[in-house]
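Colleague: I am new to this structure and would be grateful for a close look at a single part of it. Please describe the salt bridges and explain what they connect.

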Amino acid sequence: MRPIRRKRSGPDTRNSTPLPKNHRGPRDARLDRLVVRPAVHDDLRVIAHSHVALLPVGLFPSLGARFVRRWQRTFLDSRHGLGYVVVDTAAPGDGIVGFLLGTTDQAAHMAALLTDRRTVASLAVAGVGALLCRPRVAARLLRSRAWPWVRQLSRRRAAGAPPNSSRPSPQVAVMIALAVHPEWRGSGLGETLVARFVEDARHAGAGTAELVTPTGPTGAATFYERLGWEAGPYRQTRDGDGLRGYRLHLRDPE
């Protein structure tokens, strides 16, 4: 798969950094062309299409690139969000060859998102529009997710609000998505993106980082285990896909 090209839109290059040279394996001379920088809104069209093509597991990718782009924007707009892209500076228009999205505090990110009525409404409209264009996905959603969600919500309402706790919840960073174009895999690019995420999450105060990856051929369990992430629980999605959680401690235990 060739990297998708985007029109040059003048992103802020002050935080751009070349890929480090201490990656594992033989040095790939092409890495000198690559730069890691924060993602901007103008990148979303490219990374949304990459997400759908390279990370197809789950409901959101099945709703198409337009919905995914709207969802990804919430991370760039959030004070708790993180986003990076890797661009090939030798390609016309700086071809994006990898990206990472995540949060420095997943609970705070979700709490802020759910109180933003305009963003929630925009996501809902985009989701309904995507489902109307994809009747098979809509039918699968109703069968596998909608009714279970209704039952779960009913049980929560019947149980009432949980008791308040004076103990603050630990800050957990979450890596939402990491994708590298196939021609660049094995070059150290993914490892560089993960290291950037871990560094920024630790600097933002997170004590733990978490992620979920498929256990099938589209997953990256071996990659994360090599980087020191600890394997967590296994679960299956309502579509039957296997997922494995991983955790990385960002601070020494007190």
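Modeller: A residue is called buried when its relative accessible area is under 20%, exposed when that area is over 50%, and partly exposed in between. With a relative accessible area of 30%, arginine 33 is therefore partly exposed. Please bear in mind that the model is predicted.

Arginine 33 is a suitable place to begin, since this residue forms a salt bridge with aspartate 88, in which the closest N and O atoms are 2.5 Å apart. Aspartate 88 belongs to strand β3 (residues 81-88), while arginine 33 sits in the loop between β1 (17-18) and β2 (34-38), so the pair ties together parts that are 55 residues apart in sequence. The acidic partner has a relative accessibility of 5%, and aspartate 88 therefore counts as buried. This bridge thus joins a buried aspartate 88 to a partly exposed arginine 33.

The structure holds 6 salt bridges, and two others may be set beside this one. Glutamate 210 and arginine 247 meet through their side chains, with a distance of 2.4 Å from N to O. Here the connection runs between strands: glutamate 210 lies in β6 (residues 208-214) and arginine 247 in β8 (residues 242-249), so parts that are 37 residues apart in sequence are tied together. Glutamate 210 has a relative accessible area of 24% and is partly exposed; arginine 247, at 36%, is also partly exposed.

The other bridge links two helices. Glutamate 191 pairs with arginine 226, and their closest N and O atoms are 3.6 Å apart. Because glutamate 191 lies in helix α7 (residues 189-203) and arginine 226 in helix α8 (residues 221-226), the pair ties together parts that are 35 residues apart in sequence. Glutamate 191 counts as partly exposed at 22% relative accessibility, and arginine 226 counts as partly exposed at 41%.

For the setting of these pairs, the whole chain may be considered. The protein chain has 8 helices and 8 strands, and buried residues make up 41% of its 254 residues. Among the contacts in the chain with a separation of 6 or more, 70% involve residues 24 or more positions apart. The accessible surface of the chain comes to about 14800 Å², with 54% of that surface belonging to carbon and sulfur atoms.

Conventions
Residues numbered from 1 in each chain as written. Predicted model: local features only at pLDDT ≥ 70, side-chain atom pairs only at ≥ 80, totals over all residues. Heavy atoms only, no water. Helix = DSSP H or I, 4+ residues; strand = E, 2+ residues; numbered from the N terminus. Buried < 20%, exposed > 50% of the residue type's maximum accessible area, 1.4 Å probe, protein only. Contact = heavy atoms within 4.5 Å. Areas by Shrake-Rupley, 256 points an atom, 1.4 Å probe, with all protein chains shown as cover. Salt bridge = Lys/Arg side-chain N within 4 Å of Asp/Glu carboxyl O.
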